[in-house]
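Hi,

Here is the structure I promised to pass on. Have a look at it first, and then read on for what turned up.

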Amino acid sequence: MPSRRPNFFYHLHPPTIPEREARFRYTFGLGGISVFLFLVLAVTGLLLAFFYIPTPDNAFPSLQVITFQVPFGWLVRNLHYWGAQAMVVAVALHLLRVVFTGAYKPPRQINYLIGLALLVGVLLLNFTGYVLRWDDGTRWALVVGTNLVKETPFVGAALYDAIVGGTSVGPATTIRFYAWHILGLAVPAFFLIGWHAFKVRRDGGISHRLRDGGHDSRIPRAQLVRTETLAMLIVMAALTALSVLAPAPLGARADLPVRPDKAQAPWFFLWVQALLRSIPAVWAGVLIPLGLLLVLGLVPYAIDRQAGGVAEWFNREGRAAQTVTVLMFVGLVVLTLIEIGQ
Ligand code: HEM
(Lines give C-alpha, C1' and ligand atoms only; values in the text may rest on other atoms or scores of the structure.)
Protein backbone atom coordinates (compact mmCIF):
# COMPACT_ATOMS: atom_id res chain seq x y z
CA MET A 1 0.00 0.00 0.00
CA PRO A 2 1.45 3.44 -0.89
CA SER A 3 2.42 5.37 2.23
CA ARG A 4 0.55 8.63 2.68
CA ARG A 5 2.41 11.84 3.47
CA PRO A 6 1.56 12.93 7.02
CA ASN A 7 -0.81 15.90 7.02
CA PHE A 8 -2.98 17.74 9.51
CA PHE A 9 -6.07 15.62 8.75
CA TYR A 10 -4.19 12.37 9.33
CA HIS A 11 -2.69 13.84 12.49
CA LEU A 12 -6.23 14.38 13.79
CA HIS A 13 -7.49 11.08 12.35
CA PRO A 14 -4.91 8.30 12.80
CA PRO A 15 -5.78 4.95 11.12
CA THR A 16 -7.42 3.62 14.28
CA ILE A 17 -8.79 5.42 17.32
CA PRO A 18 -9.58 3.99 20.78
CA GLU A 19 -13.28 3.20 20.75
CA ARG A 20 -13.96 4.88 24.04
CA GLU A 21 -12.24 8.10 22.93
CA ALA A 22 -14.48 8.32 19.86
CA ARG A 23 -17.70 7.56 21.73
CA PHE A 24 -20.25 10.32 21.10
CA ARG A 25 -21.61 10.15 24.64
CA TYR A 26 -18.18 10.93 26.03
CA THR A 27 -17.50 14.25 24.19
CA PHE A 28 -20.93 14.89 22.58
CA GLY A 29 -18.80 16.00 19.63
CA LEU A 30 -18.82 19.52 21.08
CA GLY A 31 -15.22 20.37 20.14
CA GLY A 32 -15.74 19.14 16.59
CA ILE A 33 -19.07 20.99 16.34
CA SER A 34 -17.29 24.18 17.49
CA VAL A 35 -14.69 23.71 14.73
CA PHE A 36 -17.44 23.18 12.16
CA LEU A 37 -19.33 26.28 13.35
CA PHE A 38 -16.14 28.30 13.04
CA LEU A 39 -15.79 27.15 9.42
CA VAL A 40 -19.43 28.09 8.69
CA LEU A 41 -18.75 31.51 10.22
CA ALA A 42 -15.56 31.94 8.19
CA VAL A 43 -17.28 31.14 4.88
CA THR A 44 -20.42 33.21 5.53
CA GLY A 45 -18.30 36.05 6.97
CA LEU A 46 -16.19 36.09 3.83
CA LEU A 47 -19.32 36.37 1.67
CA LEU A 48 -20.75 39.16 3.87
CA ALA A 49 -17.46 41.08 3.57
CA PHE A 50 -18.11 41.62 -0.17
CA PHE A 51 -21.15 43.77 0.64
CA TYR A 52 -20.70 45.14 4.17
CA ILE A 53 -19.44 48.75 4.31
CA PRO A 54 -17.73 49.53 7.64
CA THR A 55 -18.57 53.23 8.13
CA PRO A 56 -21.17 54.71 10.52
CA ASP A 57 -23.23 56.05 7.58
CA ASN A 58 -23.12 52.90 5.46
CA ALA A 59 -22.95 49.94 7.86
CA PHE A 60 -26.68 49.71 8.54
CA PRO A 61 -27.82 50.45 4.93
CA SER A 62 -25.34 47.86 3.62
CA LEU A 63 -26.92 45.26 5.91
CA GLN A 64 -30.32 46.20 4.51
CA VAL A 65 -28.94 45.65 1.01
CA ILE A 66 -27.54 42.26 2.06
CA THR A 67 -30.83 41.25 3.69
CA PHE A 68 -33.31 42.48 1.11
CA GLN A 69 -31.51 42.80 -2.23
CA VAL A 70 -28.50 40.52 -2.58
CA PRO A 71 -29.58 37.05 -3.81
CA PHE A 72 -29.54 34.71 -0.78
CA GLY A 73 -27.93 37.52 1.23
CA TRP A 74 -30.56 37.00 3.94
CA LEU A 75 -29.60 33.32 4.22
CA VAL A 76 -25.88 34.05 4.45
CA ARG A 77 -26.45 36.74 7.08
CA ASN A 78 -28.83 34.57 9.11
CA LEU A 79 -26.43 31.60 8.98
CA HIS A 80 -23.62 33.87 10.20
CA TYR A 81 -25.80 35.18 13.03
CA TRP A 82 -27.12 31.80 14.20
CA GLY A 83 -23.72 30.17 13.72
CA ALA A 84 -22.23 32.77 16.07
CA GLN A 85 -24.88 32.22 18.77
CA ALA A 86 -24.55 28.44 18.45
CA MET A 87 -20.78 28.75 18.75
CA VAL A 88 -21.03 30.48 22.16
CA VAL A 89 -23.35 27.71 23.38
CA ALA A 90 -21.22 24.88 21.90
CA VAL A 91 -17.95 26.24 23.34
CA ALA A 92 -19.50 26.78 26.80
CA LEU A 93 -20.88 23.21 26.78
CA HIS A 94 -17.52 21.90 25.55
CA LEU A 95 -15.84 23.61 28.50
CA LEU A 96 -18.33 21.99 30.88
CA ARG A 97 -17.67 18.59 29.29
CA VAL A 98 -13.91 19.09 29.69
CA VAL A 99 -14.31 20.04 33.36
CA PHE A 100 -16.81 17.26 34.17
CA THR A 101 -14.66 14.55 32.60
CA GLY A 102 -11.42 15.86 34.14
CA ALA A 103 -9.90 16.36 30.68
CA TYR A 104 -7.98 19.42 31.92
CA LYS A 105 -5.58 17.26 33.96
CA PRO A 106 -1.94 16.58 33.01
CA PRO A 107 -0.77 16.51 30.28
CA ARG A 108 -3.66 18.63 28.96
CA GLN A 109 -3.36 21.77 31.11
CA ILE A 110 -1.82 23.87 28.34
CA ASN A 111 -4.50 22.83 25.88
CA TYR A 112 -7.08 23.72 28.51
CA LEU A 113 -5.57 27.23 28.69
CA ILE A 114 -5.57 27.47 24.87
CA GLY A 115 -9.25 26.52 25.07
CA LEU A 116 -9.90 29.30 27.61
CA ALA A 117 -8.23 31.81 25.27
CA LEU A 118 -10.57 30.54 22.54
CA LEU A 119 -13.59 31.02 24.80
CA VAL A 120 -12.61 34.66 25.34
CA GLY A 121 -11.98 35.00 21.60
CA VAL A 122 -15.42 33.58 20.74
CA LEU A 123 -17.16 36.01 23.14
CA LEU A 124 -15.22 38.99 21.77
CA LEU A 125 -15.86 37.91 18.18
CA ASN A 126 -19.58 37.78 18.91
CA PHE A 127 -19.46 41.14 20.71
CA THR A 128 -17.59 42.93 17.92
CA GLY A 129 -19.87 41.36 15.30
CA TYR A 130 -22.91 42.54 17.26
CA VAL A 131 -21.64 46.13 17.18
CA LEU A 132 -21.08 45.94 13.40
CA ARG A 133 -24.85 45.70 12.98
CA TRP A 134 -24.93 49.38 13.94
CA ASP A 135 -28.66 49.46 14.70
CA ASP A 136 -30.42 50.85 17.76
CA GLY A 137 -30.18 47.44 19.48
CA THR A 138 -26.41 47.72 19.61
CA ARG A 139 -26.35 50.99 21.57
CA TRP A 140 -25.55 49.32 24.90
CA ALA A 141 -22.58 47.48 23.41
CA LEU A 142 -21.35 50.63 21.68
CA VAL A 143 -21.66 53.02 24.60
CA VAL A 144 -22.01 51.17 27.94
CA GLY A 145 -20.00 48.14 26.87
CA THR A 146 -17.08 50.06 25.47
CA ASN A 147 -17.08 52.51 28.41
CA LEU A 148 -16.44 49.54 30.70
CA VAL A 149 -13.07 49.17 28.99
CA LYS A 150 -12.14 52.60 30.37
CA GLU A 151 -12.52 51.18 33.88
CA THR A 152 -9.59 48.81 33.38
CA PRO A 153 -6.91 49.88 35.88
CA PHE A 154 -3.86 51.68 34.35
CA VAL A 155 -4.49 50.82 30.67
CA GLY A 156 -8.22 51.67 30.38
CA ALA A 157 -7.90 54.88 28.34
CA ALA A 158 -5.35 53.44 25.90
CA LEU A 159 -7.39 50.26 25.49
CA TYR A 160 -10.55 52.26 24.81
CA ASP A 161 -8.73 54.31 22.18
CA ALA A 162 -7.43 51.14 20.51
CA ILE A 163 -10.88 49.57 20.39
CA VAL A 164 -13.11 52.55 19.63
CA GLY A 165 -10.70 54.64 17.56
CA GLY A 166 -10.84 57.88 19.61
CA THR A 167 -11.94 59.28 22.96
CA SER A 168 -15.61 58.57 22.16
CA VAL A 169 -17.68 56.62 19.62
CA GLY A 170 -17.17 58.39 16.29
CA PRO A 171 -16.47 58.03 12.56
CA ALA A 172 -13.49 55.67 13.12
CA THR A 173 -15.37 53.27 15.38
CA THR A 174 -16.96 51.03 12.72
CA ILE A 175 -13.74 50.32 10.86
CA ARG A 176 -11.97 49.66 14.19
CA PHE A 177 -14.56 47.08 15.20
CA TYR A 178 -14.42 45.57 11.72
CA ALA A 179 -10.62 45.30 11.87
CA TRP A 180 -10.78 43.76 15.36
CA HIS A 181 -13.53 41.38 14.29
CA ILE A 182 -11.63 39.98 11.32
CA LEU A 183 -7.91 40.67 11.69
CA GLY A 184 -7.64 41.00 15.45
CA LEU A 185 -9.87 38.07 16.42
CA ALA A 186 -11.05 35.74 13.62
CA VAL A 187 -7.63 35.25 12.01
CA PRO A 188 -5.82 34.54 15.33
CA ALA A 189 -8.73 32.25 16.37
CA PHE A 190 -8.23 30.25 13.17
CA PHE A 191 -4.61 29.52 14.07
CA LEU A 192 -5.41 28.96 17.74
CA ILE A 193 -8.09 26.38 16.83
CA GLY A 194 -5.53 24.61 14.63
CA TRP A 195 -3.05 24.52 17.52
CA HIS A 196 -5.75 23.36 19.97
CA ALA A 197 -6.81 20.47 17.71
CA PHE A 198 -3.17 19.59 16.94
CA LYS A 199 -2.42 19.40 20.65
CA VAL A 200 -5.35 17.08 21.38
CA ARG A 201 -3.50 14.31 19.55
CA ARG A 202 -0.06 15.43 20.76
CA ASP A 203 -1.37 15.05 24.32
CA GLY A 204 -2.22 11.41 23.57
CA GLY A 205 -5.65 11.80 21.95
CA ILE A 206 -8.86 12.59 23.74
CA SER A 207 -8.55 11.73 27.41
CA HIS A 208 -9.86 8.29 28.25
CA ARG A 209 -9.27 5.80 31.00
CA LEU A 210 -8.01 2.42 29.84
CA ARG A 211 -10.13 -0.59 30.60
CA ASP A 212 -9.10 -2.82 33.48
CA GLY A 213 -6.57 -4.87 31.54
CA GLY A 214 -4.98 -1.77 30.01
CA HIS A 215 -6.53 -2.52 26.58
CA ASP A 216 -9.15 -0.63 24.68
CA SER A 217 -10.81 -1.75 21.48
CA ARG A 218 -10.06 0.46 18.49
CA ILE A 219 -12.25 1.64 15.64
CA PRO A 220 -11.12 2.55 12.11
CA ARG A 221 -10.73 6.17 11.05
CA ALA A 222 -13.64 5.80 8.59
CA GLN A 223 -16.07 5.26 11.44
CA LEU A 224 -15.00 8.51 13.12
CA VAL A 225 -15.27 10.40 9.83
CA ARG A 226 -18.80 8.99 9.32
CA THR A 227 -19.91 10.18 12.76
CA GLU A 228 -18.33 13.60 12.19
CA THR A 229 -20.00 13.97 8.79
CA LEU A 230 -23.38 13.06 10.26
CA ALA A 231 -22.90 15.60 13.09
CA MET A 232 -21.97 18.31 10.57
CA LEU A 233 -25.05 17.57 8.45
CA ILE A 234 -27.33 17.75 11.48
CA VAL A 235 -25.78 21.03 12.68
CA MET A 236 -26.03 22.53 9.18
CA ALA A 237 -29.68 21.46 8.88
CA ALA A 238 -30.48 23.00 12.27
CA LEU A 239 -28.71 26.27 11.37
CA THR A 240 -30.53 26.44 8.04
CA ALA A 241 -33.90 25.78 9.69
CA LEU A 242 -33.22 28.52 12.27
CA SER A 243 -32.10 30.90 9.50
CA VAL A 244 -35.29 30.34 7.52
CA LEU A 245 -37.65 30.51 10.50
CA ALA A 246 -36.01 33.26 12.62
CA PRO A 247 -34.21 36.08 10.82
CA ALA A 248 -31.23 37.78 12.47
CA PRO A 249 -32.30 41.01 14.21
CA LEU A 250 -32.06 44.32 12.36
CA GLY A 251 -33.63 47.30 14.14
CA ALA A 252 -33.50 50.97 13.20
CA ARG A 253 -30.25 52.69 12.28
CA ALA A 254 -28.13 54.06 15.16
CA ASP A 255 -27.02 57.57 14.25
CA LEU A 256 -24.08 59.41 15.77
CA PRO A 257 -23.80 60.45 18.54
CA VAL A 258 -25.06 57.10 19.84
CA ARG A 259 -27.00 57.26 23.12
CA PRO A 260 -27.23 54.30 25.54
CA ASP A 261 -30.99 54.67 26.23
CA LYS A 262 -33.30 51.64 25.99
CA ALA A 263 -30.24 49.58 25.23
CA GLN A 264 -29.59 45.96 26.07
CA ALA A 265 -26.37 43.97 26.24
CA PRO A 266 -25.98 41.00 23.90
CA TRP A 267 -27.49 37.92 25.58
CA PHE A 268 -24.15 36.44 26.66
CA PHE A 269 -23.25 39.68 28.54
CA LEU A 270 -26.67 40.27 30.17
CA TRP A 271 -25.12 39.10 33.46
CA VAL A 272 -22.68 42.03 33.27
CA GLN A 273 -25.61 44.39 32.70
CA ALA A 274 -27.34 42.87 35.76
CA LEU A 275 -24.23 43.40 37.91
CA LEU A 276 -23.93 47.01 36.70
CA ARG A 277 -27.28 47.78 38.33
CA SER A 278 -25.92 47.17 41.80
CA ILE A 279 -22.13 47.39 41.89
CA PRO A 280 -19.50 49.82 40.56
CA ALA A 281 -18.62 49.51 36.86
CA VAL A 282 -15.00 48.54 37.50
CA TRP A 283 -16.20 45.47 39.43
CA ALA A 284 -19.07 44.52 37.13
CA GLY A 285 -17.27 45.02 33.84
CA VAL A 286 -13.62 44.31 34.57
CA LEU A 287 -12.65 42.76 37.91
CA ILE A 288 -15.41 40.14 38.24
CA PRO A 289 -15.14 38.89 34.60
CA LEU A 290 -11.35 38.73 34.92
CA GLY A 291 -11.71 37.01 38.32
CA LEU A 292 -14.02 34.35 36.84
CA LEU A 293 -11.54 33.75 34.04
CA LEU A 294 -8.73 33.44 36.58
CA VAL A 295 -10.70 30.88 38.62
CA LEU A 296 -11.31 28.81 35.46
CA GLY A 297 -7.62 29.12 34.56
CA LEU A 298 -6.65 27.83 38.01
CA VAL A 299 -8.75 24.66 37.67
CA PRO A 300 -5.86 22.37 36.58
CA TYR A 301 -3.22 24.18 38.65
CA ALA A 302 -4.78 24.90 42.04
CA ILE A 303 -8.34 23.60 42.28
CA ASP A 304 -7.66 20.03 41.10
CA ARG A 305 -3.99 19.12 41.04
CA GLN A 306 -4.44 15.36 41.05
CA ALA A 307 -3.41 13.60 37.88
CA GLY A 308 -5.66 10.55 38.44
CA GLY A 309 -9.29 9.88 37.65
CA VAL A 310 -9.23 11.20 34.10
CA ALA A 311 -11.94 10.42 31.59
CA GLU A 312 -14.84 9.65 33.82
CA TRP A 313 -17.87 11.81 33.78
CA PHE A 314 -18.26 13.30 37.29
CA ASN A 315 -15.00 11.70 38.46
CA ARG A 316 -14.60 11.83 42.21
CA GLU A 317 -11.16 13.50 42.21
CA GLY A 318 -12.45 16.47 40.26
CA ARG A 319 -15.38 17.28 42.56
CA ALA A 320 -13.94 20.63 43.70
CA ALA A 321 -13.35 21.79 40.12
CA GLN A 322 -16.80 20.60 39.06
CA THR A 323 -18.50 22.37 41.98
CA VAL A 324 -16.70 25.67 41.37
CA THR A 325 -17.55 25.57 37.66
CA VAL A 326 -21.20 24.69 38.23
CA LEU A 327 -21.59 27.46 40.81
CA MET A 328 -20.08 29.91 38.35
CA PHE A 329 -22.35 28.87 35.49
CA VAL A 330 -25.46 28.83 37.69
CA GLY A 331 -24.57 32.32 38.96
CA LEU A 332 -24.20 33.63 35.40
CA VAL A 333 -27.49 32.02 34.29
CA VAL A 334 -29.39 33.39 37.33
CA LEU A 335 -28.04 36.92 36.73
CA THR A 336 -28.97 36.62 33.05
CA LEU A 337 -32.53 35.56 33.91
CA ILE A 338 -32.85 38.41 36.42
CA GLU A 339 -31.77 40.87 33.73
CA ILE A 340 -34.21 39.41 31.18
CA GLY A 341 -36.98 39.87 33.76
CA GLN A 342 -36.17 43.60 34.25
C1 HEM B 1 -13.29 27.88 19.63
C2 HEM B 1 -13.40 27.13 20.70
C3 HEM B 1 -12.97 25.68 20.79
C4 HEM B 1 -12.81 24.76 19.78
C5 HEM B 1 -13.06 24.95 18.30
C6 HEM B 1 -12.36 23.52 20.41
C7 HEM B 1 -12.11 22.33 19.72
C8 HEM B 1 -11.77 21.13 20.31
C9 HEM B 1 -11.75 19.83 19.68
C10 HEM B 1 -12.11 19.56 18.23
C11 HEM B 1 -11.39 18.91 20.61
C12 HEM B 1 -11.32 17.38 20.44
C13 HEM B 1 -12.75 16.79 20.44
C14 HEM B 1 -13.57 17.03 21.68
O15 HEM B 1 -13.05 16.96 22.80
O16 HEM B 1 -14.79 17.29 21.53
C17 HEM B 1 -11.11 19.63 21.83
C18 HEM B 1 -10.62 19.05 23.00
C19 HEM B 1 -10.27 19.77 24.13
N20 HEM B 1 -10.61 21.08 24.41
FE21 HEM B 1 -11.42 22.36 23.09
N22 HEM B 1 -12.21 23.73 21.75
C23 HEM B 1 -12.59 25.03 22.03
C24 HEM B 1 -12.65 25.61 23.29
C25 HEM B 1 -12.22 25.00 24.47
C26 HEM B 1 -12.40 25.52 25.80
C27 HEM B 1 -13.18 26.79 26.14
C28 HEM B 1 -11.75 24.66 26.65
C29 HEM B 1 -11.61 24.75 28.15
C30 HEM B 1 -11.27 25.83 28.77
C31 HEM B 1 -11.18 23.61 25.87
C32 HEM B 1 -10.39 22.59 26.34
C33 HEM B 1 -10.16 21.39 25.67
C34 HEM B 1 -9.44 20.24 26.21
C35 HEM B 1 -8.75 20.16 27.59
C36 HEM B 1 -9.52 19.23 25.26
C37 HEM B 1 -8.97 17.81 25.37
C38 HEM B 1 -10.16 16.98 25.80
C39 HEM B 1 -9.84 15.57 26.10
O40 HEM B 1 -8.69 15.16 25.93
O41 HEM B 1 -10.78 14.85 26.54
N42 HEM B 1 -11.51 23.82 24.55
N43 HEM B 1 -11.37 20.96 21.64
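Let me start with Asp203, which sits in the loop between α9 and β2 (218–220). Bear in mind throughout that this is a predicted model. Asp203 has a relative accessible area of 12%, so it is buried; the cut-off for that word is under 20%. If you ignore the neighbours within four places in sequence, Asp203 is in contact with Pro107, Arg108 and Asn111.

Two of those partners come up again. Pro107 belongs to the loop between α5 and α6, and the peptide bond leading into Pro107 from Pro106 is cis, with omega near 5°. That caught my eye because most peptide bonds are trans. Arg108, for its part, is one of the residues that come nearest to the ligand.

Now the ligand itself. There are 25 residues around it, and the nearest are His94, Arg97, Arg108, His196 and Ser207. Sorted by class, this shell is made up of 14 nonpolar, nine polar and two charged residues. Four helices each supply at least two residues of the shell: α3 (30–49), α5 (73–100), α6 (109–132) and α9 (173–202).

What holds the iron atom of the ligand on the protein side? The protein donors are His94 and His196, each through NE2, at 2.0 to 2.1 Å from the iron. His94 is in helix α5 and His196 is in helix α9, so the pair ties together parts that lie 102 residues apart in sequence. The iron atom has six donor atoms, the angles among them run from 87 to 178°, and the site is octahedral. Both of these histidines are buried.

There are some polar pairs with the ligand that you may want to pull up on screen:

- Arg97: a polar side-chain atom is 2.6 Å from an oxygen atom of the ligand.
- His196: an N or O atom in the side chain is 2.8 Å from a nitrogen atom of the ligand.
- Gly31: here a polar backbone atom is involved, 3.0 Å from an oxygen atom of the ligand.

Next, a few spots along the helices. Trp180 is in helix α9 and Thr128 is in helix α6. How far apart are Trp180 and Thr128 in sequence and in space? They are separated by 52 residues in sequence, and by 7.3 Å from C-alpha to C-alpha. Trp180 is partly exposed, at a relative accessible area of 36%, whereas Thr128 counts as buried at 7%. Leaving out residues up to four places away in sequence, Trp180 touches Thr128, Ala162, Ile163 and Leu185. On the same basis, Thr128 is in contact with Phe177, Trp180, His181 and Leu185. Leu185 therefore appears among the contacts of Trp180 and among those of Thr128.

Helix α5, the one that carries His94, gave me two more residues to mention. Ala86 is in this helix and is partly exposed, with 25% relative accessibility. Its contacts, apart from neighbours within four places in sequence, are Leu37 and Leu239. The C-alpha atoms of Ala86 and Ile33 are 9.5 Å apart, with their positions 53 residues apart in sequence.

Val98 is in α5 too, and at 13% relative accessibility Val98 counts as buried. Not counting residues up to four places away, Val98 touches Ala103, Tyr104 and Tyr112. Val98 and Ser62 are 36 residues apart in sequence, and their C-alpha atoms are 40 Å apart in space.

Finally, some backbone oddities. Most residues other than glycine have a negative phi, and two residues here go against that. Trp134 has a positive phi of about 55°. Trp134 is in the loop between α6 and α7 (139–150), and with a relative accessible area of 1% it is buried. Phe314 also has a positive phi, near 60°. Phe314 is in the loop between α12 (281–303) and α13 (319–341). Is Phe314 buried or partly exposed? At 48% relative accessibility, Phe314 counts as partly exposed.

Cheers

Notes: Residues are numbered from 1 along each chain as its sequence is written. This is a predicted model: local features need pLDDT of at least 70, side-chain atom pairs count only at pLDDT 80 or more; totals for chains, interfaces and linings use all residues. Side-chain values use heavy atoms; hydrogens and water are left out. A residue is near a molecule or strand if one of its heavy atoms lies within 4 Å of it. A polar contact is a pair of N or O atoms within 3.5 Å; within protein, one must be able to donate a hydrogen and the other to accept it, and residues adjacent in sequence count only if both atoms are side-chain atoms. Ala, Val, Leu, Ile, Met, Phe, Trp, Tyr, Cys and Pro count as nonpolar, Asp, Glu, Lys and Arg as charged, and the others, Gly among them, as polar. Donors are N, O and S atoms within 2.8 Å of the metal (3.2 Å for Na, K and Ca); water is not among the atoms, so sites may look incomplete. Four donors count as tetrahedral if all angles lie between 85 and 135 degrees; four count as square planar and six as octahedral if opposite donors are over 155 degrees apart and all others between 65 and 115; anything else is irregular. Buried means under 20% relative accessible area, exposed over 50%, partly exposed in between (1.4 Å probe, protein chains only). Contact means heavy atoms within 4.5 Å.
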